[in-house]
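Open the model in your viewer and keep the selection tool at hand. We will begin with the chain as a whole and then visit a few side chains.

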Amino acid sequence: MDYLLRPKFKPDTVALLLGRLPGADSTAINALVTGGAYLEAAEVLAAHDQVQTSHFIRTTYRAQKLRLAGPLLKLPKFAKGCIVTTNFDDAIEKTYERNSIEFKAYMHGTQEHNFFQRLVRGDRCLLKLHGDAENDATHILTKTQYEEAYGEPFDFQKPLPKALRQIYISQSLFFLGCSLDQDWIMELFKTANAGDGYQVPIHYALLAAPVDAQAKQQKETRLLALNIHLIWYPDGQYELIERILDLIVDVADKRVVFAG
């Protein structure tokens, strides 16, 4: 599984959007982003001009505007089950199309197409947590949209929490391209882990090691409590990501076998 957690309203993205919204309170919005309150920042932007915000998402997060390269190109070689992403764009779909591979089912936000049936069967499917850029009705970005989609507290009868819990308790996950800091999804996993009574499988995450030893220990302890085991690489040495993925591909293809 590929789980890409990347806040959509980063400072550079906000600057671009604010250029289209001259009447928005840029000082307040930038303060929210700087403080990590991405959902609240998105809420303010959408409330100021929903049409322009949705248009920005549709026209910004497109594969033709992205460079399909790096670790993304490795995914079809080893990610053969369910892929979960927070990205709006269709870069994953395009990458798999290049390899003549199709997804059997998908879920964009809360809208799904044969998703749960295919997920249980272990078929290749795609879950886009924030929705798809081309379809405004699927977007889940603001605090209000999150609360409606996930419940407050989490409602595991709703499609998105139900899907994430099923994936978390039934598949061994590989987290790639995300920080795994405390956020909405980590809280959902924590709730599922504490309340279901299931034997949660071992999950893995490829992460840059914090420079501070205590910070590294604290992060590892928090994630191990969710049964997420860490594969560390030195912070800043991002070229190692592709080398590690190449090793994973070799192991998956049985070109490399570990004894013992």
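**The whole chain**

Start with everything selected: of the 260 residues in the chain, 43% count as buried. Bear in mind as you look around that this is a predicted model. Switch to a cartoon view and you should find 12 helices and 8 strands.

Now show just the C-alpha atoms. Along the principal axes they fill a box of roughly 65 × 45 × 40 Å. The radius of gyration is 19 Å, which agrees with the value near 18 Å for a compact globule of 260 residues. If you display contacts between residues at least 6 apart in sequence, 69% of them join residues at least 24 apart. Turn on the surface next: its accessible area comes to about 13,200 Å², and 50% of that belongs to carbon and sulfur atoms.

**Charged pairs**

Side chains of opposite charge can pair when their charged atoms come close. The count here comes to 13 salt bridges, and a few make good stops.

Select Arg 58 and Asp 136 first. Their side chains meet in a salt bridge, with 2.8 Å from N to O. Which parts of the chain does this pair tie together? Arg 58 lies in helix α4 (residues 50-60) and Asp 136 in the loop between β5 (125-128) and α8 (143-150), so the bridge links parts that are 78 residues apart in sequence. Arg 58 is partly exposed, with a relative accessible area of 23%, and Asp 136 is partly exposed too, at 36%.

Move on to Lys 104 and Glu 102, whose closest N and O atoms are 3.3 Å apart in a salt bridge. Lys 104 is partly exposed at 40% relative accessibility, while Glu 102 counts as exposed at 53%.

For a network, select Lys 74, Glu 242 and Asp 246, which are linked by salt bridges.

**Towards the end of the chain**

Pick Arg 255 and Asp 253 next: they form a salt bridge, the closest N and O atoms being 3.1 Å apart. Is Arg 255 buried or exposed? At 53% relative accessibility, Arg 255 counts as exposed, whereas Asp 253 is partly exposed at 37%.

For the last stop, select Leu 247, Val 251 and Phe 258. Together they form a nonpolar patch on the surface, with about 280 Å² of accessible area. Zoom in on Phe 258, in the segment after α12 (239-252). Phe 258 has 58% relative accessibility and so counts as exposed.

Key: Residues numbered from 1 in each chain as written. Predicted model: local features only at pLDDT ≥ 70, side-chain atom pairs only at ≥ 80, totals over all residues. Heavy atoms only, no water. Patch = residues over 30% accessible without salt bridge, like charges linked within 9 Å, V, L, I, M, F, W, Y side chains within 5 Å. Areas by Shrake-Rupley, 256 points an atom, 1.4 Å probe, with all protein chains shown as cover. Salt bridge = Lys/Arg side-chain N within 4 Å of Asp/Glu carboxyl O. Helix = DSSP H or I, 4+ residues; strand = E, 2+ residues; numbered from the N terminus. Buried < 20%, exposed > 50% of the residue type's maximum accessible area, 1.4 Å probe, protein only. Rg over C-alpha atoms; globule rule 2.2 N^0.38 Å. Contact = heavy atoms within 4.5 Å.
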